[in-house]
Amino acid sequence: MKKTIFAILTIALLLPGAKMSAQGKYGADSAECIKYLSYYSEYYKQKNYDEALPNWRKAYKLCPPTASQNLFIHGSTLLKQVISKTKDAEAQRAIIDSLMNLYDIRAQYYPNNKVTSLNNKGQDMYNYIKDNPQRLYDTYQNIIGELKEATRPQLFLFRLNSAIDLFQAGKLNAEDVINAYQTSMETLKNATTESEAEAEQLEKVKTDIESLFITSKVASCDNLIALFTPRFESDPNNLELVNNIVRMMSITDDCTGNDLYLNAVTNMYKLDPSYNSAYFLFRLNSSRGNVAEAIRYMEEAINYPESDAATDGEYNYELAVFCSKNGQNAKAYAAAQKALELNPTFAGKAYFLMGTIWGSTNCGGNEIERRAPYWVAVDFLQKAKNADPSLTEDANKLIGSYSAYYPQTAEAFMYDLTNGQSYTVSCGGMRATTTVRTQK
């Protein structure tokens, strides 16, 4: 094993100065080059990597890089085998360096496969280099700068992770980390995929990048205000800048109540009226207690034809919650119904919300008319449990509470009503059909 390690360590010295030859594809000693290419290839095909390794080293030493691309493809596999068996940390680092050089030389001499080579290098940097965030960050910066949208999505996540490590060590400032996050998301927005599995992986990486950035707490609201205020003041009509400010401040805790956010959102809406900018104005006005304005902008966002059904479903549910909290029960009920219609994944939450809306509605009229909304409330809470079992405990508590307000059997009898009878409730701009229930 010591001889093997020694042999591999010599590769680290050889790789940067790999021999060039003007004497043909196989170099000055073409016969020896071809011989060792053949020797190692036979062992490699048999997956006898221990025997392939010394012959591969001989071929690598004798042959120019242009002799065979397999020298680099197979060589990376052989070196990774040795890395996994090497326990000495210094020796392992030297082999890892050799592996990285293989990727660089392959990218240089086989440009048609540069994307694959550099992406593989980036992946193996993450696999093998655990204690050098500066090297990781610098390498990922170079790879991403070279490959752009062709960069493997995971490498953007690895770069952000190394940037955060450097920030926490005081070696990188917040602006650099923010830029790493923003450029990652912008580049991945333009990335293409060739299969459904790749598309799903891309979305997962984007989610992971956003989650990592948010949990890192690098972008405090104070940092963002200090970073973006002078930029905004010097170029307030730069739509790209305005979009960045709004997006960054929207995902940062407690960062939508300041003047910079107000001005950026307002300019976004002026420069590019859209469902997205209307939605941000809803967020802004709702955080400031401007109920009528918030509702107006959310309804405008929902009515934009560019927004899809899933987005409109989310917006309707958010509008329903907002209206419910602000005493707009009829609007809340209608929005919750629309959310359920557009996006069935909201069924449990929408039914639960509709139940609480009816349960909190005060209706005038006789004894039955005042109590009938509780029947409707319980109907929706039962539906909420069926749609989303995780809501069962909370729904049961409210059902128990609302059931206490059912009329007595004698009271219902006085109005010619019996258990199970159909009954239509109309109150506060809302209408629903339910069944009569009395206290047992």
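How many residues apart are E367 and R371 in helix α19? They sit four residues apart, which puts about one helical turn between E367 and R371. The close-ups below all come from a predicted model.

**View 1. E367 and R371 meet in a salt bridge within helix α19.** The N-to-O distance between the two side chains is 2.7 Å. Helix α19 covers residues 367–387. As background for this kind of pairing, an α-helix has 3.6 residues a turn, so residues three or four places apart point the same way.

**View 2. E186 and K189 pair up inside helix α9.** Here the spacing along the helix (residues 174–189) is three residues, again about one turn. The closest N and O atoms of E186 and K189 are 3.3 Å apart. E186 is partly exposed, because its relative accessible area is 29%. K189, at 53% relative accessibility, counts as exposed. The pair has company, too: salt bridges that share partners tie E186, K189 and R247 into one network.

**View 3. K121 and D104 form a salt bridge between two helices.** The closest N and O atoms of K121 and D104 are 2.8 Å apart. This pair links distant parts of the chain, with K121 in helix α6 (residues 114–128) and D104 in helix α5 (residues 89–109), 17 residues apart. Is K121 buried or exposed? K121 is buried, since its relative accessible area is 12%. D104 comes out as partly exposed, at 29% relative accessibility. If you are keeping a tally, the model has 20 salt bridges.

**View 4. Helix α15 turns one face to its buried residues.** The helix runs over residues 291–303, 13 residues in total. From first C-alpha to last, α15 reaches 18 Å, close to the 18 Å expected at 1.5 Å a residue. Which residues of α15 are buried? They are A294, I295, Y297, M298, A301 and I302. Looking down the axis of α15, these buried residues fall within an arc of 165 degrees, so they line one face of the helix. On the other side of α15, A292 and N303 are exposed. The cover over the buried residues of α15 includes α13 (259–271), α14, α16 (309–325) and α17 (329–342).

**View 5. S287 sits in helix α14 and has a polar contact with L284.** Helix α14 spans residues 275–287. A polar atom of the S287 side chain lies 2.7 Å from the backbone oxygen of L284. S287 counts as partly exposed because its relative accessibility is 43%. For a sense of scale, S287 and F352 are 65 residues apart in sequence and 24 Å apart in space, C-alpha to C-alpha.

**View 6. T256 and D254 share the loop between α12 and α13.** Helix α12 covers residues 239–250. T256 is buried, because its relative accessibility is 16% and the limit for buried is under 20%. What does T256 touch, leaving aside residues up to four places away in sequence? Its contacts are M249, S250, Y261, R283, L284 and S287, and two of these names, L284 and S287, also appear in the polar contact of View 5. D254 is exposed, at 79% relative accessibility. D254 also has a positive phi of about 50 degrees although it is not a glycine.

**View 7. K148 is another non-glycine residue with a positive phi.** The phi of K148 is about 50 degrees. K148 is found in the loop between α7 (133–147) and α8 (153–168). At 46% relative accessibility, K148 counts as partly exposed.

**View 8. Strands β1 and β2 make an antiparallel hairpin.** The partners are β1 (residues 422–427) and β2, and they pair over six bridges. Where does V425 stand? V425 is opposite A432 in β2. Strand β2 takes in residues 430–435 and has two faces. Its covered face holds M430, A432 and T434, while R431, T433 and T435 are on the uncovered one. Two residues lie between the strands of the hairpin, where G428 takes a positive phi near 60 degrees.

Notes. Residues numbered from 1 in each chain as written. Predicted model: local features only at pLDDT ≥ 70, side-chain atom pairs only at ≥ 80, totals over all residues. Heavy atoms only, no water. Buried < 20%, exposed > 50% of the residue type's maximum accessible area, 1.4 Å probe, protein only. Polar contact = N/O pair within 3.5 Å; in protein donor to acceptor, adjacent residues only side chain to side chain. Expected span 1.5 Å × (residues − 1). Arc of directions from axis to C-beta. Contact = heavy atoms within 4.5 Å. Pairing = 2+ DSSP bridges. Salt bridge = Lys/Arg side-chain N within 4 Å of Asp/Glu carboxyl O.
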